[in-house]
Amino acid sequence: MRNKITVVGGGSWATANVKMLADNTTDKEIFWWMRNEQAVEHIHKFGHNPNYLSSVEIKVPSQNISTDLKSLISACDFLLLNVPAAFLKEALEGVTADDLKDKYIVSAIKGIVPDENLIIGEFLNQHYGIPFSHILVLSGPCHAEEVALEKLSYLTIASPDTALAARFAAMLNTRYIKTIVSDDIYGTEYGAVLKNVYAIASGICHGVGYGDNFQSVLISNAIRELERFVDTVHPIDRDIKESAYLGDLLVTAYSQFSRNRTFGNMIGKGYTVKSAQLEMNMIAEGYYAVNCLHQVNKQHNVEMPICEAVYSILYKKSSPVFEMRKLAEKLS
Ligand SMILES: NC(=O)C1=CN([C@@H]2O[C@H](COP(=O)(O)OP(=O)(O)OC[C@H]3O[C@@H](n4cnc5c(N)ncnc54)[C@H](O)[C@@H]3O)[C@@H](O)[C@H]2O)C=CC1
Ligand SMILES: O=C(CO)COP(=O)(O)O
């Protein structure tokens, strides 16, 4: 059966996903939506995204790449969402529940929808009536930049319908991509959201002058905090040491490519949030997510000292040095 997939978003991860899908040899048709018309024209002419991962050759026919989301949605069976969570509502403006009926929706987003305080699966279910059996999550420790370099990477595809997850996973496997199937969409999504916040914390620590010794303690506390939260919100039997949880935390907290760690590092060095955001042409999801998590955790009351420290620094203008010193007293 020929699968038809529409990728939504024009950033690094969308570009990497288009590459993985195109390099995979199973029979499929790929469509690609982005809001930036100039970028679309550039890709039509030159076969490269001018703004993100511009070395990647785009092997999708020009007529399948456009700014007309509705027509690209009607053409596909699988809709792969890849815009940062803060811009998801804007991207889907004008799209109705009817447009999405019977589609499989894959979220590659590692964020929470602001104002709604919902992870993407919940948002799709509550706002568009998409049944969870039609929702998939694409996650795992994987930076877009390493996909561009074809470095061996592992992705987790989660869905309550694991046969569906396996069907989508089969469209991603290549020489450099291996896939793992899971049924834990809540844990996979929340784990990916939280690790972004911990990567910001890791960057802040580096920025204010802590070393590798401290960072290792921070990260081992972070995985315990992540486990406490995820097990409270969605208590099922899961092994937090799996790549989708611990692996994603490690890659983001330690990688030179991480947007979240880079952002945190700038904050630790004294940049304001605005100036750090302006300096980066990329989005640090953890900045938006920590505010949402702060709200969501009011219902759950999980002990989350790392998230609270990052929240105080980013949203209450508390001093990074002060917050990290205070946090250090609570780590073990
Ligand atoms: N980059 C990566 O290695 C990975 C990213 N992700 C996730 O993928 C999602 C997309 O992130 P990236 O592709 O990394 O983003 P990016 O930082 O590379 O690109 C920014 C994206 O945001 C859009 N954007 C920026 N300002 C906007 C605005 N005001 N209104 C609407 N759109 C705006 C840009 O058009 C672009 O598509 C995020 O949830 C991220 O956590 C997940 C795995 C890996
Ligand atoms: O999710 C990622 C790696 O798995 C990417 O993290 P950053 O957004 O911090 O670059």
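## Two ligand shells and the domains around them

In this predicted model, helix α1 (residues 12-23) gives the most to the shell around ligand 1, contributing three residues. That shell holds 24 residues in total, of which Gly11, Ser12, Trp13, Lys110 and Met282 come nearest to the ligand. Its residues are not confined to one part of the chain, for at least three are drawn from each of domain 1 (3-183) and domain 2 (187-330).

The shell around ligand 2 consists of 14 residues, and the closest of these are Pro141, Thr252, Ser258, Arg259 and Asn260. Helices α9, α11 (243-254) and α12 (259-268) each supply at least two residues of this shell, and α11 gives the most, with three residues. Because domain 1 (3-183) and domain 2 (187-330) both give residues to the shell around ligand 2, this ligand lies between the two domains.

The composition of the two shells by residue class can be set beside that of the side of domain 1 that touches domain 2.

| Set of residues | Nonpolar | Polar | Charged |
|---|---|---|---|
| Shell around ligand 1 | 13 residues | seven residues | four residues |
| Shell around ligand 2 | five residues | five residues | four residues |
| Side of domain 1 that touches domain 2 | twelve residues | nine residues | two residues |

The UniProt record, an unreviewed entry, lists Lys110, Arg259 and Asn260 under "binding site". These positions are spread over 151 residues of sequence, yet they cluster in space, with a largest C-alpha distance of 12.2 Å. Lys110, which is among the residues that come nearest to ligand 1, lies in the loop between β5 and β6 (112-113), whereas Arg259 and Asn260 are among the closest residues to ligand 2.

The domain assignment of the protein chain gives domain 1 (3-183) and domain 2 (187-330), and the centres of these domains, taken over C-alpha atoms, are separated by 25 Å. Across the boundary, 23 residues of domain 1 are in contact with 22 residues of domain 2. On the domain 1 side, α6 (120-128), β8, β9 and β10 each supply at least two of the residues that touch domain 2, and β9 gives the most, with three residues.

Strands β8, β9 and β10 also belong to an open sheet of eight strands, in which the order is β3-β2-β1-β4-β5-β8-β9-β10 and the pairing is mixed. Strands β3 (65-66) and β10 (177-182) stand at the edges and have a single partner strand each, so one side of each is left without a neighbour in the sheet. Elsewhere in the sheet, β4 (residues 78-81) pairs with β5 (residues 104-107) in the parallel sense over four bridges, and Leu79 has Ile105 as its bridge partner in β5.

Two helices can be placed relative to this sheet. Helix α9 (residues 185-208) packs on the sheet and touches β8, β9 and β10, and its direction makes about 40 degrees with that of β8. Helix α8 (residues 162-169) lies across β4, β5, β8 (135-139), β9 (153-158) and β10, and runs at about 170 degrees to β10. Helix α9 thus appears in two settings, as a helix that packs on the sheet and as one of the helices that supply at least two residues of the shell around ligand 2.

Definitions and conventions
Residues are numbered from 1 along each chain as its sequence is written. Chains are lettered from A and ligands numbered from 1 in the order in which they are written. This is a predicted model: local features need pLDDT of at least 70, side-chain atom pairs count only at pLDDT 80 or more; totals for chains, interfaces and linings use all residues. Two strands pair if DSSP finds at least two bridges between them. Two residues are in contact if their C-beta atoms, placed from the backbone, lie within 7 Å. Axes are lines fitted to C-alpha atoms, for helices over the stretch in contact, and angles run from 0 to 180 degrees between N-to-C directions. A residue is near a molecule or strand if its C-beta atom, placed from the backbone, lies within 6 Å of it. Ala, Val, Leu, Ile, Met, Phe, Trp, Tyr, Cys and Pro count as nonpolar, Asp, Glu, Lys and Arg as charged, and the others, Gly among them, as polar. Domain bounds come from an automatic or database domain assignment. UniProt positions are given in the numbering used here, feature names are shortened, and annotations may be inferred rather than shown by experiment.
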